[in-house]
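Reader: I should like to learn how charged side chains pair in a protein. May we look at an example together?

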Amino acid sequence: MEEAAIMYDFYAWCDGACEPRNPGGWGIAAYVLETWDGKPVRREAINMGRHSWMTSNRCEYHAVQALLDVAIGLRAKSLVRGDAKSRISVLLRTDSMLVVKQITGEWNCNAEHLIEARNACRERLKELSKSGVEVDLEWVPREENTKADTLSKSLYDEETLAAMRLREASKRR
């Protein structure tokens, strides 16, 4: 007998990228949040800059943190309006197994900067749970994370083109 599929109120996808090299490339964090029936709620790609210390793991965590912050804000607004359900559920998907396993405690986290990011995510999850929002984390293969992956790649492409244009303009001077 097949197990019944769990229905969620919201579905989210997160992705982080460090391009063209990891570490040391452009950091990009992206997330997509939709209602249960696929209506867009919020989508954002965040330019984290280019730094020698930038890594894809840092970007993956930043995407999850940003999405959780959005969920906190949306829950607060719904409570103020008085139209909140008693419980809200969110399925958060990411193609970073490291992020999922570290947040859930299945894997240890030894990198200092990732420990801080993991703890920040855990605190946000506790805050959401206290306000009636349950968030389930799920690892998915990259090909099932195309909504967030496409968004992060599009920002990288825009930033790369802008940087090339600036270099070309400075050469002409």
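**Salt bridges in a predicted model**

Author: We may begin with one residue of this predicted model. The relative accessibility of E34 is 12%. Buried means under 20%, so E34 counts as buried.

Reader: Which side chain meets that of E34 in a salt bridge?

Author: Side chains of opposite charge can pair when their charged atoms come close. For E34, the N to O distance in the salt bridge is 2.8 Å. The partner has a relative accessible area of 36% and is partly exposed. The side chain that meets E34 is that of K147.

Reader: How many residues apart in sequence are the parts that this pair ties together?

Author: E34 belongs to strand β2 (residues 26-35), while K147 belongs to helix α4 (residues 146-172). The pair therefore ties together parts whose separation in sequence is 113 residues.

Reader: Which residue forms a salt bridge with R124?

Author: The closest N and O atoms of this pair are 2.5 Å apart. R124 lies in helix α3 (residues 112-130) and its partner in helix α1 (residues 56-81), 55 residues apart. The partner is partly exposed, at 37% relative accessibility. The residue is D69.

Reader: In which strand does R93, the partner of E138, lie?

Author: The side chains of E138 and R93 meet at 2.9 Å, N to O. E138 is in strand β5 (residues 133-139), 45 residues apart from R93. The strand that holds R93 is β4 (residues 88-94).

Reader: Which residues are linked with E19 in a network of salt bridges, and how many salt bridges are counted?

Author: E19 is linked in a network with D149 and K153. The count of salt bridges comes to 10.

Note on methods:
Residues numbered from 1 in each chain as written. Predicted model: local features only at pLDDT ≥ 70, side-chain atom pairs only at ≥ 80, totals over all residues. Heavy atoms only, no water. Salt bridge = Lys/Arg side-chain N within 4 Å of Asp/Glu carboxyl O. Helix = DSSP H or I, 4+ residues; strand = E, 2+ residues; numbered from the N terminus. Buried < 20%, exposed > 50% of the residue type's maximum accessible area, 1.4 Å probe, protein only.
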